[in-house]
Amino acid sequence: MTPSPKSQLSMAALGLVLVVVLVQVYLFETVLSAVLDGQRGLLPGAFAVSAVLTGLVLWIALKLPSLDRKP
Amino acid sequence: MPHWKKAFPLDLAEEAHFGRREFVRFLAVVSAGFTAGIGYLAIRKRPLEGAPDQAHKNLGPLRICETGDVSPGNSRLFTYRDEQDRCILVRTTNGELRAYRQTCTHLGCSVRWDGRRLECPCHQGFFEIERGFPVQGPPTRPLSALRVEEKAGGIWITGELPKPTVAVEENQS
């Protein structure tokens, strides 16, 4: 269901997404450092975690119904 | 209405058109980009520049030069894995041999031997010669080291060394 163009996400949802993106930045930096040090074993796990976080953000962005006031 | 809006009553046409949901969608694209980046690292076979290659750690011995070609306190450049894999061989003043990849762990410039330490000239980063740890400047990770041996009258590179994980104290004297 596509949300109404006038609907707004709540500040809580926006804050959660910002936290998730910060976690993604930290995760990517950590993974890149590990790969540059020759440790590739954590890549599958890191990819799985990153994919789950991206799925959560996509769900919030596309599917979460409006929780906030209507303008 | 916040105070700054009262002080500066600017009416931006785009202001009303960018809501939280649009911003969250933008962040979702950013998040997907990070996931794609990790996926790319996972499926990429060739190691990143300057990174050790565990898949080819038994590449085989490679003769660099004659034993007498590198005198104490001097260095010699060579390539190991391929033509882009630039490395540096150093014989310390103690007569010990050390070999590292030349790629600085900060931004990838080539390090050089200054007679006491390995120096990255781009941002004045320095690495100690014993294990390749950064001791000064912006680099935070050690250089990628190679195993070096002297045998049969020559200097040989015999494989990759795992990256050390504990820094040693720099000898200040």
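This dialogue covers the disulfide and the aromatic contacts of a predicted model.

Visitor: What should be known before reading the values?

Guide: In this predicted model, local features need pLDDT of at least 70 and side-chain atom pairs count only at pLDDT 80 or more, while totals for chains, interfaces and linings use all residues. Residues are numbered from 1 along each chain as its sequence is written, chains are lettered from A and ligands numbered from 1 in the order in which they are written, and side-chain values use heavy atoms, with hydrogens and water left out.

Visitor: How many disulfides does a search of the whole structure find?

Guide: A disulfide is a pair of cysteine sulfur atoms within 2.5 Å. The search finds 1 over all chains: B:Cys109 and B:Cys122, with sulfur atoms 2.1 Å apart. The torsion about their S-S bond is about -100°, so the disulfide is left-handed.

Visitor: Why is B:Cys120 not bonded to B:Cys104?

Guide: The sulfur of B:Cys104 is the closest cysteine sulfur to that of B:Cys120, but at 3.7 Å it is too far for a bond.

Visitor: How are the rings of A:Phe28 and B:Phe34 arranged?

Guide: Rings of Phe, Tyr and Trp (its six-membered ring) pair if their centres lie within 6.5 Å; planes under 30 degrees apart count as stacked, over 60 as edge-to-face and the rest as tilted. The centres of A:Phe28 and B:Phe34 are 5.5 Å apart and the planes at 50°, so this pair is tilted.

Visitor: And B:Phe23 with B:Phe26, stacked or tilted?

Guide: Their centres are 6.4 Å apart and their planes at 20°, so they are stacked.
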